[in-house]
Amino acid sequence: MSKLVSVDVVIFGGGIAGLWALARLRQAGYAAILLETKTLGGLQTIAAQGIIHGGAKYALTGSASDATQAIGDMPQRWRACLAGEGELDLSRVRVLSQHQYLWSTESIGSRMTGFFASKLMRSRMAAVEGVDRPKLLQSTAFKGNVYRLEEPVLDVPSLVAELVRQQGDACFQIEPDAVQLDAAQPGCVKIATSAGSVSIQAQQLVLAAGAGNESLLKQLDRETPQMQRRPLHMLMARGPLPLLYAHCLGASANPRLTITSYPLAEGEIVWHLGGQVAESGVASDEKEHIAAGQAELAALLPWLDLTDIHWATRRIDRAEIATPGGKRPDSWLVHSERDVITAWPTKLAFAPCLAADVLHCLEQDGVRPSGDGTVSIDLPCAPLAQPPWNEVKRWS
Ligand SMILES: Cc1cc2nc3c(=O)[nH]c(=O)nc-3n(C[C@H](O)[C@H](O)[C@H](O)COP(=O)(O)OP(=O)(O)OC[C@H]3O[C@@H](n4cnc5c(N)ncnc54)[C@H](O)[C@@H]3O)c2cc1C
């Protein structure tokens with residue numbers, strides 16, 4: 001049996017981009033629903049380190065680029081939400097650390113010295129000494145400098161759980177092959193179900209499916225916007241580790257290592273290791289990559305005891321707007337064309353900007369809320385994603 005449902009907007013993808021946009025659209029009165037093929041929390045989102053960047057990492061490349069300007073406002077915007085005073089109420093979301101730290105080895109180049117002295121960075125970071133440093137960097141063996149950045153680090157699983165608590169009633173699970181899109185009439189979405197089919201008529205589609213946007217655009221016969229993938233090989237270490245939320249700077253402009261920590265219920269800590277180490281390990285197999293991670297920690301933090309630490313790795317592609325040379329895009333992308341909005345946030349931190357631009361595009365395209373915002377649809381609810389450390393089958 002076929003059922004027809006009318007909505008204002010259908011969002012594809014339940015990562016941070018789709019969930020934040022759904023919340024803002026429903027707040028504005030739109031009858032919006034979200035369709036997800038796997039789990040709410042996405043692929044990249046649930047793997048994210050949770051840093052709400054304020055620009056320090058971007059500014060490391062040497063210039064105050066567009067990205068540095070755009071991202072500078074993000075910590076403040078998120079902090080307002082975390083205090084329950086922003087565009088979304090995220091007061092139930094756990095903040096793992098109010099600050100992110102930056103530590104430099106003794107051997108940083110002169111360009112980096114200029115960076116620390118720059119006017120731009122002086123307003124965003126402060127040198128810290130003694131007990132104000134993270135415990136691990138209070139060791140007498142440590143010889144570098146430590147700076148505190150005004151960048152909170154969020155518990156991403158708790159962020160996702162809270163957004164789903166608020167918006168889960170409008171998030172539905174679909175089988176990847178069950179959706180039929182019509183290039184001539186993008187607003188007509190047909191979904192095959194075990195009980196027949198559901199036809200949804202929408203004023204506009206929002207493609208916020210991360211890497212999945214590529215095949216959705218193909219189904220709609222669209223050649224633009226084009227997407228790029230930048231692969232990562234993340235490392236996770238688990239055991240009696242101290243809490244640390246910090247980038248380590250080496251001689252180059254990109255952070256050599258980014259460590260974030262997640263306290264597990266059993267009292268252990270999981271470290272996520274990102275930065276250069278995750279990018280350069282893409283060609284390595286699991287064993288080689290773990291060995292490289294261990295060598296990196298032994299080189300940078302030789303006083304850290306790694307005896308009882310277990311290791312795992314995880315591959316994930318970052319999906320974003322294509323750039324010349326495949327470089328990191330400067331900001332989020334929202335592209336509106338003939339009843340279809342395509343969006344990639346580039347960073348979890350940019351989700352509020354992405355959602356605001358989606359709202360703006362709808363207004364510009366004359367798409368107005370058509371009813372009281374409620375939708376009843378006969379599809380199953382999409383389940384919540386598991387944190388990456390729960391998905392690991394084997395720890396070394
Ligand atoms: C390892 C790692 C660490 C990161 N750390 C940070 C950080 O600390 N701070 C930061 O700001 N950013 C960080 N990022 C970037 C950030 O995670 C991403 O920019 C952001 O999560 C992307 O969100 P998204 O919603 O676009 O995509 P995703 O989270 O990938 O979600 C896309 C969703 O769409 C679904 N989907 C796919 N195809 C379809 C379809 N056809 N129909 C319906 N649904 C579909 C997928 O199943 C998925 O749930 C990190 C990224 C990675 C990979």
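This is a short walk through one protein chain and the ligand it holds. What you have in front of you is a predicted model, so please keep that in mind throughout.

I'll begin with the overall layout. The domain assignment splits the protein chain into domain 1, made of 2-45 + 159-226 + 324-385, and domain 2, made of 96-151 + 229-319. Their C-alpha centres lie 34 Å apart. In the contact between them, domain 1 supplies six residues and domain 2 supplies six residues. On the side of domain 1 that touches domain 2, three residues are nonpolar, three are polar and none is charged.

Now the ligand. Where does the ligand lie with respect to domain 1 and domain 2? Both domains give residues to the shell around the ligand, so the ligand lies between them. That shell has 38 residues, and the closest are G13, G15, G42, G210 and G212. Two or more residues of the shell come from each of α1, β2 (32-36), α2, β12 (227-239) and β16 (310-321). By class, the shell holds 19 nonpolar, 15 polar and four charged residues.

Two of those elements deserve a look, and I'll take α1 next. Helix α1 has 12 residues, which at 1.5 Å a residue should span 16 Å, and its end C-alpha atoms are indeed 16 Å apart. How many of the 12 residues of α1 are buried? The count is 11, so α1 is largely enclosed by the rest of the structure. The buried ones run through I16, A17, G18, L19, W20, A21, L22, A23, R24, L25 and R26. After α1 comes G29, with a positive phi near 95°.

The other element is strand β2, and my example from it is I33. I33 counts as buried because it has 25 C-beta neighbours inside 10 Å. Apart from neighbours within four places in sequence, I33 is in contact with V7, V10, A170, F172, V375 and I377. Take F172 from that list: I33 and F172 are 139 residues apart in sequence, yet their C-alpha atoms are 7.6 Å apart in space.

On to helix α8, residues 156-167. Its 12 residues should span 16 Å at 1.5 Å a residue, and the distance between its end C-alpha atoms, 16 Å, agrees. The buried residues of α8 are V156, P157, L159, V160, L163, V164 and Q167. They cover an arc of only 160° around the axis, which means they sit on the same side of α8. What do the buried residues of α8 pack against? Their partners are α1 (16-27), α2 (44-47), β7 (153-154) and β8 (171-173).

Helix α12, residues 351-364, is the last helix I'll cover. It has 14 residues and reaches 20 Å from its first C-alpha to its last, close to the 20 Å expected at 1.5 Å a residue. Buried in α12 are A351, P352, C353, L354, A355, V358 and L362. The cover over these buried residues includes α1, α5 (74-82), β11 (196-207), β17 (333-337) and β18 (340-344). So α1 turns up here, as it did among the partners of α8. Just after α12, G366 takes a positive phi of about 75°.

That leaves some backbone details. As background, most residues other than glycine have a negative phi, and most peptide bonds are trans. Here are three places that depart from this.

The loop between α9 (213-219) and β12 holds P225. A cis peptide bond joins T224 and P225, with omega about -5°. D221 is also placed in the loop between α9 and β12. D221 is not a glycine, but has a positive phi of about 60°.

T346, found in the loop between β18 and α12, is likewise not a glycine and has a positive phi of about 70°.

Are D221 and T346 buried or exposed? D221 counts as exposed, because it has 11 C-beta neighbours inside 10 Å. T346 counts as buried, because it has 23 C-beta neighbours inside 10 Å.

To recap: the ligand lies between domain 1 and domain 2, α1 is largely enclosed, and the buried residues of α8 are on the same side of that helix. That's all from me.

Technical notes
Residues numbered from 1 in each chain as written. Predicted model: local features only at pLDDT ≥ 70, side-chain atom pairs only at ≥ 80, totals over all residues. Helix = DSSP H or I, 4+ residues; strand = E, 2+ residues; numbered from the N terminus. Expected span 1.5 Å × (residues − 1). Buried ≥ 20, exposed ≤ 12 C-beta atoms within 10 Å, placed from the backbone. Arc of directions from axis to C-beta. Contact = placed C-beta atoms within 7 Å. Near = placed C-beta within 6 Å. Nonpolar A, V, L, I, M, F, W, Y, C, P; charged D, E, K, R; others polar. Domains from an automatic or database assignment.
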